[in-house]
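Me: Could you walk me through a few side-chain pairs and a helix packing here? I'd like the reasoning along with each answer.

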Amino acid sequence: MSWNLSSERPIYAQIMERITLDIVSGIYLPGARLPSVRDLAQDAGVNPNTMQKALSELERTGLVISQRTSGRFITEDLTMVEKTKQNLASMQIREFLEKMEHIGFTKEAIIQLIEQIETEEEAS
């Protein structure tokens, strides 16, 4: 998957979000070793120092664990991964609801629209 980094926001924050998404979606499994900083930086098309900063910040969250001579690994704490996944989902839903309310939809109308779209997709 391409990295699609934007100059509108700090690059390291976008990298953190991308790696976090990869962790909660199962691309990086709990306990798995992350590629090297240099390899990740090359894949993302960023400076290794920027990648290092993003990974250091992820270590502070606990999602990524550093082992001095072995590299960085994804946490094996499944509760933390699930909690992060729930938080990301909640943020996405809040943003969606806010945008829909700005358009003029009530929460009830949003639910009806979702159900209608789901029914249409099941029929096709």
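Me: Which residue does Glu-17 meet in a salt bridge?

Reply: First, a heads-up: this is a predicted model, where local features need pLDDT of at least 70, side-chain atom pairs count only at pLDDT 80 or more, and totals for chains, interfaces and linings use all residues. Residues are numbered from 1 along each chain as its sequence is written, and side-chain values use heavy atoms, leaving out hydrogens and water. A salt bridge here is a side-chain nitrogen of Lys or Arg within 4 Å of a carboxyl oxygen of Asp or Glu. With N to O at 2.4 Å, the partner of Glu-17 is Arg-9.

Me: Is Arg-72, which pairs with Glu-59, buried or exposed?

Reply: The Arg-72 and Glu-59 side chains form a salt bridge at 2.4 Å, N to O. Arg-72 sits in strand β2 (residues 71–74) and Glu-59 in helix α3, so the pair ties together parts 13 residues apart in sequence. Buried means under 20% relative accessible area, exposed over 50% and partly exposed in between (1.4 Å probe, protein chains only). At 14%, Arg-72 is buried.

Me: How are α2 and α3 oriented to each other?

Reply: Helix α2 (residues 37–44) packs on helix α3 (residues 48–61) with axes 8 Å apart and an angle of about 110°. Angles under 35 degrees count as roughly parallel, over 145 as roughly antiparallel, 65 to 115 as roughly perpendicular and the rest as oblique. So α2 and α3 are roughly perpendicular.

Technical notes:
Axes fitted to C-alpha atoms, helices over the stretch in contact; angles between N-to-C directions. Helix = DSSP H or I, 4+ residues; strand = E, 2+ residues; numbered from the N terminus.
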